[in-house]
Amino acid sequence: MPFAGIGNDLYVCVPSVFPLLKYKLPADLFTDLENAFQGKIDAAYFETSKYLLDVLNKKYSLLDHMQAMRRYLLLGQGDFIRHLMDLLKPELVRPATTLYQHNLTGILETAVRATNAQFDSPEILKRLDVRLLEVSPGDTGWDVFSLDYHVDGPIATVFTRECMSHYLRVFNFLWRAKRMEYILTDIRKGHMCNAKLLRNMPEFSGVLHHCHILASEMVHFIHQMQYYITFEVLECSWDELWNKVQQAQDLDHIIAAHEVFLDTIISRCLLDTDSRALLNQLRAVFDQIIELQNTQDAIYRAALEELQRRLQFEEKKKQREAEGQWGVTAAEEEEENKRIQEFQESIPKMCSQLRILTHFYQGIVQQFLVLLMTSSDESLRFLSFRLDFNEHYKAREPRLRVSLGTRGRRSSHT
């Protein structure tokens with residue numbers, strides 16, 4: 001007999017006939033068969049995944065849609081975002097309940113046509129849209145406006161509903177931060193223009209100086225925050241995502257890399273639950289910037305009205321003198337001096353408003369810095385150093401007097 005059976009097992013017993021075969025149990029033969037079958041499955045999966053990625057990239061432009069998310073929902077298309085803000089400003093300063101989506105959509109299309117966004121694929125641009133968020137009492141258009149990007153079909157397997165909600169959260173945060181930069185730019189423009197107009201009112205120079213100092217503090221804060229968000233969060237995270245997408249061999253790898261990307265920017269933009277205290281402080285800083293804009297507008301409006309009255313009084317006097325009359329009567333001059341005195345007496349009140357605003361702003365920033373320094377994220381601790389590089393706030397807040405280097409040495413010993 002060529003084969004002999006012992007119980008349920010079979011053994012090869014004619015090695016002289018099959019010299020290359022080894023003695024194997026049926027379990028080993030089954031394992032070899034299973035491994036060979038698994039190899040065939042893996043090869044088929046690899047080929048199918050490669051074909052699927054080719055279809056998604058070439059037919060459905062998956063990578064182009066990723067780039068579009070970056071440019072529009074993550075504010076990467078700078079010229080478009082700036083021009084859009086310029087066009088939207090008259091609409092968004094109004095109460096949120098008075099806005100109409102079709103008007104905002106028309107403005108969006110105008111911004112696209114006037115910037116480099118016009119060179120994007122029509123397939124991309126037709127998906128870009130405006131969304132109005134839920135309105136709360138007292139909201140303005142700035143609080144409810146959002147860009148949106150419609151996804152459907154096969155690309156929705158990557159850009160799921162949950163992913164798109166993350167994109168919208170990040171957009172609203174970035175849009176608000178960008179608005180602060182926009183407001184501070186307007187404040188600085190107001191300084192330059194009004195400083196020239198109000199040169200003939202030397203008693204007002206102290207107010208102008210106080211506005212300038214506070215605005216400069218805010219500009220430094222916002223510039224450092226923008227640098228952190230743009231380069232340390234968005235650009236670094238995007239570079240990692242793009243490298244993983246380029247090297248991905250199947251759709252699952254792309255989906256996983258994309259989810260890691262969104263989770264990273266959500267947490268590092270302070271939008272996760274662990275960063276709620278930091279986000280609240282940052283929003284309070286933003287509120288103080290808006291408050292400075294409102295306060296400064298009211299101060300400048302009062303000053304410019306006073307300047308206009310003085311110029312009208314002088315013009316009236318010159319006109320009468322040209323006609324051969326007395327410039328002004330004693331009663332008119334007394335009334336003018338009384339009005340000027342009332343304005344001069346209001347200047348300390350303006351300075352007091354600015355001092356109170358400065359006090360609140362600096363207190364909020366100090367608390368924000370304390371929270372940054374106690375964060376477990378090293379990049380956030382170094383952000384606190386950049387925000388207070390000249391130790392301006394450290395001198396006022398004892399909790400900030402432990403340097404980053406000291407904290408690092410202490411933590412390394414524990």
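**Spaces and rings in a predicted model**

By class, the lining of the largest cavity comes out as four nonpolar, two polar and two charged residues. Keep in mind that this is a predicted model, so everything here is computed from its coordinates.

Let's stay with that cavity for a moment. Searching the whole structure for cavities of 30 Å³ or more turns up one, and the volume of the largest cavity is about 60 Å³. If you want to select its walls in your viewer, pick Ser 237, Glu 240, Leu 241, Lys 244, Ala 257, Val 260, Phe 261 and Thr 264. Two elements, α8 (205-247) and α9 (251-268), each give two or more residues to this lining.

Now for the open space. The largest pocket holds about 380 Å³. Its lining is made of 13 residues, and the ones nearest the centre are Arg 169, Asn 172, Phe 173, Arg 176 and Arg 283. Elements that put two or more residues into this lining are α6 (141-144), α7 (161-197) and α10 (276-322). Of the contributors, α7 gives the most, with six residues. Sorted by class, the pocket lining has seven nonpolar residues, one polar and five charged.

Where does the largest pocket lie with respect to domain 1 and domain 2? Domain 1 covers 37-157, while domain 2 is made of 160-319 + 335-397. Both of them give residues to the pocket lining, so the pocket lies between the two.

On to the aromatic rings. The structure holds eleven aromatic pairs. Take Phe 145 and Trp 175: their ring centres are 5.1 Å apart and their planes sit at 40 degrees. Stacked pairs need planes under 30 degrees apart and edge-to-face pairs need over 60, with the rest counted as tilted; at 40 degrees, this pair is therefore tilted.

The same two residues also tie together distant parts of the chain. Phe 145 belongs to strand β4 (residues 145-149), Trp 175 belongs to helix α7, and 30 residues separate them. Are these two buried or exposed? Phe 145 and Trp 175 are both buried.

Nor does the pair stand by itself: ring pairs join Trp 142, Phe 145, Phe 171, Trp 175 and Tyr 182 into a cluster. Helix α7, then, turns up twice on this tour: it is the element that gives the most to the lining of the largest pocket, and it also carries Trp 175.

Terms used: Residues numbered from 1 in each chain as written. Predicted model: local features only at pLDDT ≥ 70, side-chain atom pairs only at ≥ 80, totals over all residues. Heavy atoms only, no water. 1 Å grid on protein atoms, 1.4 Å probe; cavity = no way out; pocket = protein on both sides within 12 Å on 5 of 7 lines; lining within 4 Å. Points joined across faces, edges and corners; volume = space filled by probe spheres on them. Helix = DSSP H or I, 4+ residues; strand = E, 2+ residues; numbered from the N terminus. Nonpolar A, V, L, I, M, F, W, Y, C, P; charged D, E, K, R; others polar. Domains from an automatic or database assignment. Phe/Tyr/Trp six-rings, centres within 6.5 Å; stacked < 30°, edge-to-face > 60°. Buried < 20%, exposed > 50% of the residue type's maximum accessible area, 1.4 Å probe, protein only.
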